[in-house]
Structure formats: structure tokens, C-alpha cells
Amino acid sequence: MKKIKASLLIVAICAVVVTFFSQGTLAYYSTVGTATNVVTSGKIKLVIHETTGDDTPFPQEGIYIIPGQIVSKRVNIENACDHPFYLRVKLVNGINSQELSAQDCFNINLNNNAWTLQDDGFIYYNKVLNPGEKTPYVFTEVEIVGEKVNTDYIGKALTLTVNAYAVQQENNPAEHPWLAVGWPTEEVA
Amino acid sequence: MKRFLTVFLVAVLVVSFSLTAVAEGGSVTYNGQSKNFVFAPGSQYSLTDLFPNFKDVMPGDSITQEITVRNTQNVKVKIYMRSLGAQNGSQEFLSQLNLKVQKSQDNLMPYMFDAAADQTADLTNWVCLGTLYSGGEVNLNVILNVPTTLKNDYKDLIGYIDWQFMVEELPTEPGDPQAPQTNDNSLIGLWLALIVGSATLTITTLILKHKRKII
């Protein structure tokens, strides 16, 4: 009887050992790791600089003008992103009066060396504006047209708004900036 | 003499940095000792980011990201990968982009994955990248295509894509190959010469300085 028990014990131990090793062979180590990968999209950003003749910021509240006056107002634009872009601006005249028109109240001295006025009404920068660069001035002076701004305009607020639009130059080859595609419809700044 | 040494050491440093600043690749390294993966290089957005090249992408971009999957330990492993797709909040942006994944050794083979970047597609289930012996590696090419028609609504956005990697350790057998040569021997001589030269010059400079002080 004792012999049988001893045999059973040996067989049981052998079974346990065999089971242990067979599990060790079948159950390979496996490990899982997760990588969180990130894609980010770029953007175009520009800054419009408006200064007076002595390079101080143009007063946001505006200035008092008289007909025939020539106001020193220098406007240029800076590329404030990491991507080169094409650039165009539009000048919009305005007045706080329904009866009067601001059309032709201003006459600017457009810098034709660096900028080109096209038939669509936009003024295009002739080159690509690279990151960190500033354009030459779009204009430096604004004449208050004396023939247009008569006594009816006394006490009215006339505005000259510069809207700038940019479109990426990368993957967007164009012989001239005005032939580039993808111009935004709303102003960037 | 001192000025010459300074210039030389600075030049060595500049060369070292410029040589190491090559295009950044991603890497997945299996560490058999700690039984985990190490993902590199990571980014400010995710410590396990494998896509350093896919930042600040613009419409029309087609960018390739190389990723090396390595087994550095003295074990034999089968390695798998799968995609969990875009994280919540990233789907709309990533659905605009196309992603392709292929093993770079298999350039003539179909892509393992060719779909919108938010999808899991053919990487929904585990895909075996191969059996890697000690020191073995497999290279992946990941290509991101950004359509030129991508609208302004998608500018300045962040998209997160989760990938998982899995290894099965296999028992090594007598006939298994040893760690393969990487053939990356091109600059070893130069590096050794620069290290020895720099060390010698540094020590010489220090000794001269020390002697001058004593005098």
C-alpha cells in the first residue's frame, strides 16, 4: 500500500513538473505598448503695421483732418508665421454718414515698386513674403482730396481701412501672386 | 596656441552637432529586460510621438516619416502592430488627411495601410512586421498626404493617432542568426579620431594652464 502511495506521489510530482514546464513553453512572453502619434496643421499669420512719419504707431482714435491735407501714414505688413506667403491688401473707405460717400475722399501714394494694383481692386505684393520679413510700405501718405471733401463733411468721421489677405506659397506655385490660388475671402487681419 | 585649441574644440563641437542633426526619424525599441517598448523621439504633444515630421503641415504637403522598429535585447521576438485610429476629438481633422504605411523593404508591395488618417483600416487587427533576432530591425515608411483642398477650418489643429505594438518572445534556438551588422561603419574612424583628439587637446590645455599657474 505504501509503495502504491509513493508511486502515486512520484507520478503526481512528475505531472506537476511536466505541466509547469509545458506551460512555460507555450505561454511566451508578450508585451503591448501604445504610441500616441501627433499630426499638427500649420497656419498663416500676418501683422499690419501702421505708423506715422516718425515711426510711432498711427493713433487708433484717428486724427483731425482738413481738405487738401496730406497725412503721413505708413503701412507695411509682416509675416508672423513659419510659412512663406503671397499677400494682397484692399483699401476700404468709410464714413459715419448715410448721406455722404467716402468714395474718392482719399488719395494714396501707392508704392508701385513693390505693389501692383490689379483690376480686381486688390493691391498685390510683387514678391513672396518669407517668415519674419516685412514688406516695403504699401503707401506712406494719404491726401485728403480737397475737391471731394467739402464743408458737408465737417464733423464727420472718415475711415481708411487696410484689409490684408495672405495665401501660402508652399505647394502653390504661381508666375505672379495675383495668379495664385486659394485666396481667402475674409481678411486675415 | 590657446586660441588655436579653443577654435579647434569649438569646430569639433559644431561638426558633431551638425552631423547628428539629420532628418529625425521615429523609433520603436523593444527592451527585453524591462519587457516594454521605448518610443522616440516624442514631442511636446506626446511623449510617445513617432511622427516628428508631421508637424505644422500645410495643404499640398506630402511628407514621409521613417520609423525603425528594433529589438535590442538578446531575445528572439515576433513583432506586431495595429492602429487604434484617431482619438476622440481628432477624427474630423484627421479624416481630411491620407496616411500610408509600408515596410521600406517592401517598396514594390502594397501598402499595409492606405486610408484616411483617422481610420484603422488594414491595421485594425494585429499585423506581423516580422521575426526579429537580437539586434534586428524593421523599417516603416509612413507617408502623410495633405490635400490642397484642405480648408481654412482645419488650420492650427492637433490630431492624435494611437498605434500599438506587440511582441511575442520566442525561445532562441542554436541555428538563430547573431546580431546583424548594421553597416553603419562609415564615420566610426572619424568619430574615434575626434574623440581621442579632443580629449588629448583638452588634457593638454589643462596641463599647460596648470603649469602656467605654477610658474
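## Pairing between the chains

Strand β1 of chain A and strand β9 of chain B (residues 158–170) run antiparallel and are joined by 11 bridges. One of the pairs across this junction is Ala35(A) with Trp163(B), its bridge partner in β9(B). The model is a predicted one, and the predictor assigns the complex an ipTM of 0.75 and a pTM of 0.74.

The contact as a whole draws on 23 residues of chain A and 43 residues of chain B. On the chain A side, strand β1 (residues 30–40) is the element that gives the most, with 11 residues. By type, the residues on the side of chain A that touches chain B comprise 7 nonpolar, 13 polar and 3 charged.

## Chain A

Chain A contains 1 helix and 9 strands. Read from the N terminus, the order of its elements is α-β-β-β-β-β-β-β-β-β, with the helix ahead of the strands.

Of the 189 residues in chain A, 19% are buried. Taking the contacts in chain A between residues at least 6 apart in sequence, 74% link residues at least 24 apart.

## A sheet in chain B

Chain B has an open sheet of 6 strands, ordered β2-β1-β3-β8-β5-β6, with mixed pairing. Strands β2 (36–40) and β6 (113–116) of chain B are at the edges and have a single partner strand each, so one side of each lacks a neighbour in the sheet. On average, neighbouring strands of this sheet are turned by 15° against each other, direction ignored.

Within the sheet order, β3 and β8 stand side by side. Strand β3 (residues 62–71) and strand β8 (residues 137–145) of chain B are antiparallel and share 9 bridges. Gln65(B) is placed opposite Val142(B) of β8(B).

## Nonpolar cores

Nonpolar side chains tend to be buried together in soluble globular proteins. In this model the largest nonpolar core has 40 residues, and Val39(A), Val28(B), Ile79(B) and Leu144(B) have the most contacts inside it. Strand β9(B) supplies the largest share of this core, 5 residues. That strand is also the one bridged to β1(A).

Leu144(B) touches a residue of the other chain, Val39(A). Leaving aside residues up to four places away in sequence, its contacts within chain B are Phe54(B), Val57(B), Ile63(B), Leu97(B) and Leu99(B). A second core, separate from the largest one, has 17 residues, among them Ile44(A), Ile77(A), Tyr86(A) and Tyr124(A).

## Confidence

The average pLDDT of chain A is 88, and 84% of the residues score at least 70. Residues 22–27 of chain A fall below 50, and this stretch has 0 contacts in the model beyond near neighbours in sequence.

For chain B the average pLDDT is 83, with 77% of the residues at 70 or above. Among the elements of chain B, helix α2 (residues 91–94) has the highest mean pLDDT, 98, while helix α1 (residues 2–20) has the lowest, 50. Over residues 12–22 of chain B the pLDDT stays under 50, and the model gives this stretch 2 contacts beyond four places in sequence. Predicted coordinates should not be read in detail where pLDDT is low.

Definitions and conventions
Residues are numbered from 1 along each chain as its sequence is written. Chains are lettered from A and ligands numbered from 1 in the order in which they are written. This is a predicted model: local features need pLDDT of at least 70, side-chain atom pairs count only at pLDDT 80 or more; totals for chains, interfaces and linings use all residues. Two residues are in contact if their C-beta atoms, placed from the backbone, lie within 7 Å. Helices (H or I, at least four residues) and strands (E, at least two) are DSSP runs, numbered from the N terminus. Ala, Val, Leu, Ile, Met, Phe, Trp, Tyr, Cys and Pro count as nonpolar, Asp, Glu, Lys and Arg as charged, and the others, Gly among them, as polar. Two strands pair if DSSP finds at least two bridges between them. pLDDT is the predictor's confidence in each residue, from 0 to 100. Axes are lines fitted to C-alpha atoms, for helices over the stretch in contact, and angles run from 0 to 180 degrees between N-to-C directions. A residue is buried if 20 or more other C-beta atoms lie within 10 Å of its own, exposed if 12 or fewer, and partly exposed in between; C-beta atoms are placed from the backbone. A nonpolar core is a set of buried Ala, Val, Leu, Ile, Met, Phe, Trp, Tyr and Cys residues joined through C-beta atoms within 7 Å.
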